[in-house]
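Thanks for making time this morning. I would like to walk through one model with you, and I will try to keep each statement to what can be read from the coordinates.

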Amino acid sequence: MRTTVNLPDGLAEEAKQKARASGRTFTSLVIEGLHHVLSESGIPATPERLPAHGHPSQRPPLIDIADSDALAAALDADGFR
């Protein structure tokens, strides 16, 4: 899901620096933080599973669409861009 979140400038910049330093995306850092907060509150943080059809050997590799780098790599691998 795409959404807009208003963050204080300093917090957003610090999070982006942390993400870059760890070789991750800003989105993956936010997702991890939300999972952490939700798990502390007792709310299950398990993502919903998408249905899969067909034989596993004929399915494309699974990617995290929230990870823009992985998504771009998958699209580039198939020549879509």
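Let me begin with a pair of charged side chains, and please keep in mind throughout that this is a predicted model. Arg20 forms a salt bridge with Glu13, and the closest nitrogen and oxygen atoms of the two are 3.4 Å apart. Arg20 counts as exposed, at 54% relative accessibility, whereas Glu13, at 37%, counts as partly exposed. As a general point, side chains of opposite charge can pair when their charged atoms come close.

The structure holds two salt bridges, and the other pair to look at is Arg24 with Glu32, where the closest N and O atoms are 2.7 Å apart. Here Arg24 is partly exposed at 30% relative accessibility, and Glu32 is partly exposed as well, with a relative accessible area of 44%.

Stepping back to the chain as a whole, we have three helices and zero strands, so that reading from the N terminus the order of elements is simply α-α-α. Of the 81 residues in the protein chain, 9% count as buried, and the chain exposes about 7300 Å², with carbon and sulfur atoms supplying 58% of that area.

Now to helix H1, which covers residues 9-21. Does its length come out short, long or as expected for its residue count? With 13 residues at 1.5 Å a residue, H1 should span 18 Å, and its end C-alpha atoms are indeed 18 Å apart, which agrees.

Which residues of H1 are buried? They are Ala12, Ala15 and Ala19, and, looking down the axis of H1, these buried residues fall within an arc of 65°, so they line one face of the helix. The cover over those buried residues includes helix H2, while on the other side of H1 we find Asp9, Glu14, Lys18, Arg20 and Ala21 exposed. Arg20, then, which I introduced through its salt bridge with Glu13, belongs to that exposed side.

Just after H1, Gly23 takes a positive phi of about 70°. A little further on, in the loop between H1 and helix H2, which runs over residues 26-40, lies Thr25. Is Thr25 buried or exposed? Its relative accessible area is 11%, and Thr25 is therefore buried, the cut-off being under 20%. If we leave aside its neighbours within four places in sequence, Thr25 is in contact with Ala19, Ala66, Asp67, Ser68 and Asp69; one of these, Ala19, is also among the buried residues of H1.

At the N-terminal side of H1, there is a nonpolar surface patch of about 260 Å², made by Val5, Leu7 and Leu11. Leu7 sits in the segment before H1, and is partly exposed, with a relative accessible area of 36%.

Finally, a word on helix H3, residues 68-77, where Ala73 is found. Ala73 is partly exposed, with a relative accessible area of 44%, and its C-alpha atom lies 9.8 Å from that of Ile63, the two residues being ten apart in sequence.

To close, I would suggest we look again at H1, with Ala12, Ala15 and Ala19 as its buried residues and H2 included in what covers them.

Terms used. Residues numbered from 1 in each chain as written. Predicted model: local features only at pLDDT ≥ 70, side-chain atom pairs only at ≥ 80, totals over all residues. Heavy atoms only, no water. Helix = DSSP H or I, 4+ residues; strand = E, 2+ residues; numbered from the N terminus. Buried < 20%, exposed > 50% of the residue type's maximum accessible area, 1.4 Å probe, protein only. Areas by Shrake-Rupley, 256 points an atom, 1.4 Å probe, with all protein chains shown as cover. Salt bridge = Lys/Arg side-chain N within 4 Å of Asp/Glu carboxyl O. Patch = residues over 30% accessible without salt bridge, like charges linked within 9 Å, V, L, I, M, F, W, Y side chains within 5 Å. Contact = heavy atoms within 4.5 Å. Expected span 1.5 Å × (residues − 1). Arc of directions from axis to C-beta.
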